[in-house]
Every structure is written in structure tokens, then in C-alpha cells.
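The following exercises are to be worked with the sequence and the structure at hand. Each task is followed by a solution that proceeds step by step.

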Amino acid sequence: MYYLTTAIDYTNGSPHIGHAYEKILSDILVRYQKLKGTETFFLTGVDQHGQKVQQSAEKEGIHPATYASKNTKKFKKLWEQVGLDYDGWAETTDDKHKACVGKILTKLKEEGQLYKKSHQGFYSVRQEQFLTDRDRNEQGEFGAEWGEVVELSEENWYFKLSDHAQWLQGFLAKTPDCIYPSSRQQEVINSLEKMHETDLCISRPKERLFWGIELPFDAEYVTYVWFDALINYLSFAGYLAEPDSDLPDFNQVWERPVHVIGKDILVPAHAIYWMAMLHALGFEDEHMPQFVVHGFWNAKGEKMSKSIGNIIDPKELADTYGVDALRYYLARDIHTGKDSDFIPDRFVSIFQTELANDLGNLCNRTLNMTVRFCEDKTLNTPSDYTLVELDQQLQASLAKTKEEYIKYMDTYQVALALGAINKHVKLCNSYAEANQPWALAKDKANTPQLHNCLYHIIESLAHIALLLSPVLPEACAKILQQLGAAELAQTTLADINWGLIQQPHTVNKPKPIFPRIQLPENEDPA
Ligand code: MSP
């Protein structure tokens, strides 16, 4: 089964555009797999424990559970609004998750993977970790990125991370497709050196942090937030679950999962801690995850942050411009793995040009002409009609578009896949201009040519609606319905070939699917 997870979002705030991007990108990748006919399981959710949540709750004078649950609702609501079709929802305060974390800790302890020791050193409150001299900057100081740094002496539980360093080195060397983009895999390999020397502190004394999962063998401690959070990928897939639980069958779900995460949490959390944890639990190499590491959305070149006050709110965008505009922009204006700048004008102009003008217009006017010019709204090109060069060009372009789309989608390059589709849409518009069906309709003698022209565009639109459906599921279902081809929604990728629409074919009356965003005249960038 194709098992895809996103990072689980901290509930010490509201979802911003970065969270929304990752979830929408993941939703698109899963829907693409479904289009291929693959069985899928999509897990997303929220990370509710940890110091940040505890501190934010304290500031508001409420219990962290109340605080986390209040914010969790905002995430869930937004994901519903933007059309995420997930199968599993992870909340780290869920008893089933806590039970799984407990079982894993017990197992690792019994197998001698955990030990207790005392450590004195500098601790970053923001990053919730002890720092070493390697974390100092050139001036020998702990930089601003660590926030408040305090000196602490503390007994804690440790995981023998270093035991797994050699294995990880070998594994990455023989598994070049573990991390996308591959430049990130090299970054991980370069960072492995540190792993040979350090073990991972996996506990926090309750007196300092009570908002976490208690260690099953030492009630004075809770689990380090990352150790708890990473396990969500296992617990909500049914790992070590009770037989009567409502969780999925782990052995069916977990083949080679795909974890979609941001670039900030690859090293060390996922590529080192998580891989070592899985190895310690006895996972075989062929069951190790793959990572799709995406870049960041910035605002005017700057990192988005609450303190700068430049956070972009996806809910506001979806409310104002619609979910299609948001999903399309987040898929179109960033190259997976790279950063991108969120530019409000581009957001509007991409929607106006590629969806409203190019695709929306093509669909609307082609259907309108079919309704007006073809008897009974029915296309019926004579079977012996001879195609001309323009028709052949359009058919060849459509076949090439599908090929490119597959090549890009298979390698997570969604923006380029959308670019390939837009190119064909533009070609269809030029094809209409060249054939002038509105002029053909004036003379009955041109009826075969008229039908053939409209058919070529309608067939193209059926392909496009199917290929675009992972990105714009609702809009594409509407396009198919208006084309009179709603039953094609179940078509799998391999079957999207010329001839989806069989003539005679009756279409429905169109209604604009992507109405232009109305802006004051002088503010419309398109
Ligand atoms: N809770 C941890 C993840 C635990 S996964 C076992 C966490 N949460 S987070 O809320 O800070 O981030 C959630 C995801 O959003 C991460 O993958 C992170 O990289 C991503 N993003 C946060 N800001 C982002 C942007 N500005 N742009 C794109 N993605 C960003 O880390």
C-alpha cells in the first residue's frame, strides 16, 4: 500500500501557509496515486505535547490539554475546508498513541537501547535540547536561533543513537532514493559524523515539563517531544495496536512509507533519530521510509514568524479567493524542495490567467458553442471524417502532455506537471482560434468540421480534468459533469487515452467553473 504521512503540526498556534502547503502537496501526491489505481493510506495530524504548548497554555492561564484541543480544531477545520482527503488523523494525546509510545519505550529498554545518566550542560529552551560546543557560532556563542539558553544539570534517559550510526551510513550509501531531492541526502550523509559520538536524550524531568507522555518505567519523567511525535507514523498505522482497536492493519499499511516534511526537520529529527529508532525496533532496510523534503514559503524574502508579524493565513486566502485558487497557487508557484516567496499579486494573477482565462474560458466557450451550434447539444462527427494537421497536432500534444505529467508527478515536481497541462490548454485555445467554430456554425456544409473541432477540445478537456483532479478535485468533478462525462471520474491513469468520449456525445449546459477573482480595476494584475 502507498502510505504517505505529513509532519504533524505543533498546536502552539494556528495553521499558516507553510503548514497548508505541506498538507495540500501531500494530498495531491496521494490523490495522484489513487488516480494510478494504487491503494493508499494518508495520515496527517497534530503534535500536541511539548514545552511550547505548555508555555503557551500557561500564558493563557489554561491547561495545555484545553489549549491544544482548541488549536487542533483550527487545523482540522482548515484541512476540511481545503479538501484534504486523509484516512488517519494523528493526535499525540490520543490514548492509542500513548499506549504505542509506552510499548516502544518498554521494548527498547528491555533490549538495552535505553540508559539513564546525568548530564550537565547548556540547554536551549526554544529547541528543547541540550547544546554542545558544535552548536556555538563563530564568536563562540549560542546564536539567536537557540532562543534562551540556560545551564542545567540533570539526570535523564538516553537512547543509544550511536549504535545505529554505522548501519545508517551504509544504508544511505546503498539507497540513493531515500531522500528527495538528492542534494538533501548528501546533507544527511555529511551530518552523520556527529551521530557516532552522541546519544539522544529522550526524557524530560516532569518538574520542568509535565506536558508529555510518562515513561512507563520511570514516573518522574516524560518522553522528549520528538521521540513521542515521530512515533505517530507507527502508532496511527496500527503498530503494536490492540487487536480490537479501530486502527488499520499495520502489515498492510507499512511497506515503504513516504514522509513529506519540511527542510527544517530532516536533520537530525527524521533522517537520524527516526531512522535509528526504526532500526532499533528491528525494521528491515526494505521497510525504511522515503522522505520528500519540501522548501519554505517566505514572505517578501523573509522567514515567516509571529514576532515579525508576517504570517500568511491560508484560511483568509481560501475565504477570500476560494479553495481552488489556494490549492493551485501552492502547487504551481513553488518547486518541490526549493523555497518560494509568497507574492499576493502572483497568487491572483496565476488564478486569473491559468484557471479563469485559459482553462475556465476554454471549457465554458467550447460547451456553450456545443449547446448553441450542435443539435440536441450532441457532438457527432462522421466516422469517416478525415483529420487535418491541426487535429493531429492537438492529439499528439495531448499524448505528450500526459507523458510529461506522469514524469513530473512521479518525481514530485507538481509545478512542472501543471505547467505541462497549461501548455496544452493554451494549445487548445489556439486550435479554437484557428478553426473558428463560431464561423463554421454559420454554414451547414461545415457541420462535420464544426463537430470535429469541438470534439477535439472536449476530449482534451476530459483528459485535463482527470489529470488535474489531484490538484483541484472539486473543480475537475464539475468539469466532467458539465462535459456530460461524470462517469469518467473513475478512470485510472493508464486508461486516459484518446477516445475517452465516445460519439454521439451529449454535453450539459456550462456554468463558469473558475469565475475571475473580482478586484478593483486598477489592482487586477492579469
Ligand atoms: N511538530 C513538528 C513535526 C513533527 S513530525 C513527527 C513540527 N511542527 S511545525 O508545526 O513546526 O511544522 C510542521 C511542518 O510545517 C514541518 O514539516 C515544517 O517544515 C513545515 N513548515 C513550517 N513552516 C513552513 C514554511 N514557512 N513553509 C513550508 N513549510 C513549513 O516541526
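**Exercise 1. An antiparallel sheet**

Which residue in E7 stands opposite Leu-114? Place the two strands concerned in their sheet.

Solution. The model is a predicted one.

Step 1. Locate the strands: E5 comprises residues 114-124 and E7 comprises residues 149-159.

Step 2. Determine their pairing. E5 and E7 run antiparallel and are joined by eleven bridges.

Step 3. Read off the partner: Leu-114 stands opposite Phe-159.

Step 4. Extend the view to the sheet. It is open, consists of four strands and has the order E6-E5-E7-E9, with antiparallel pairing. Strand E6 (129-131) and strand E9 (200-201) are its edge strands, each pairing on one side only.

**Exercise 2. The surroundings of strand E1**

Is strand E1 (residues 2-6) enclosed or open to its surroundings, and with which strands does it pair?

Solution.

Step 1. Apply the criterion for burial, which is under 20% relative accessible area. Five of the five residues of E1 are buried, so the strand is largely enclosed by the rest of the structure.

Step 2. Assign the side chains to directions. In a regular strand, side chains alternate between the two faces of the sheet. In E1, Tyr-2, Leu-4 and Thr-6 point one way, whereas Tyr-3 and Thr-5 point the other way. Both sets are buried.

Step 3. Identify the neighbouring strands. E1 pairs with strand E3 (residues 40-47) in the parallel sense over four bridges, and Thr-40 in E3 is the bridge partner of Tyr-2. E1 also pairs in the parallel sense with E13, here over three bridges; in that pairing Thr-5 stands opposite His-259.

**Exercise 3. The ligand site**

How many residues surround the ligand, and which are the closest? Describe the polar contacts and the extent of burial.

Solution.

Step 1. Count the shell. It holds 24 residues, and the closest are Ile-8, Glu-22, Asp-47, Gly-262 and Asp-264.

Step 2. Sort the shell by class: twelve residues are nonpolar, eight are polar and four are charged.

Step 3. Trace the shell to its elements. At least two residues each come from strand E2 (9-10), helix H1 (17-35), helix H7 (225-230), helix H8 (232-235) and strand E13 (258-262).

Step 4. List polar contacts with side chains. An N or O atom in the side chain of Asp-264 is 2.5 Å from an oxygen atom of the ligand. A polar side-chain atom of Asp-47 lies 2.7 Å from a ligand nitrogen atom.

Step 5. Add a contact with the backbone. An oxygen atom of the ligand lies 3.0 Å from a backbone N or O atom of Tyr-10.

Step 6. State the burial. The ligand taken alone exposes 670 Å², and the protein buries 93% of that.

**Exercise 4. Helix H4 and its two ends**

What distance does helix H4 (residues 95-110) reach from its first C-alpha to its last? Examine its ends and its buried residues.

Solution.

Step 1. Compare the span with expectation. The 16 residues of H4 reach 22 Å, close to the 22 Å expected at 1.5 Å a residue.

Step 2. Inspect the start. A side-chain oxygen of Asp-94 comes to within 2.8 Å of the backbone nitrogen of Lys-96.

Step 3. Inspect what follows the helix. Gly-112 comes after H4 and has a positive phi, near 75°.

Step 4. List the residues of H4 that are buried: His-97, Cys-100, Val-101, Gly-102, Ile-104, Leu-105 and Leu-108.

**Exercise 5. A three-stranded sheet**

In what order do the strands of the open sheet containing E12 lie? Give bridge partners for each pairing.

Solution.

Step 1. Establish the order, which is E10-E12-E11 with antiparallel pairing. The edge strands, each pairing on one side only, are strand E10 (203-205) and strand E11 (214-215).

Step 2. Examine E10 and E12 (residues 218-223), which three bridges join. Ser-203 has Thr-223 as its bridge partner, and Pro-205 has Tyr-221.

Step 3. Examine E11 and E12, which two bridges join. The bridge partner of Glu-214 is Val-222. E11 and E12 form a hairpin, with two residues between the strands.

**Exercise 6. The whole protein**

How many helices and strands does the protein contain? Add its overall dimensions and its buried share.

Solution.

Step 1. The protein has 18 helices and 18 strands.

Step 2. Its C-alpha trace spans about 90 × 50 × 45 Å along the principal axes.

Step 3. Of the 526 residues in the protein, 54% are buried.

Terms used:
Residues numbered from 1 in each chain as written. Predicted model: local features only at pLDDT ≥ 70, side-chain atom pairs only at ≥ 80, totals over all residues. Heavy atoms only, no water. Pairing = 2+ DSSP bridges. Near = heavy atom within 4 Å. Polar contact = N/O pair within 3.5 Å; in protein donor to acceptor, adjacent residues only side chain to side chain. Areas by Shrake-Rupley, 256 points an atom, 1.4 Å probe, with all protein chains shown as cover. Nonpolar A, V, L, I, M, F, W, Y, C, P; charged D, E, K, R; others polar. Expected span 1.5 Å × (residues − 1). Buried < 20%, exposed > 50% of the residue type's maximum accessible area, 1.4 Å probe, protein only.
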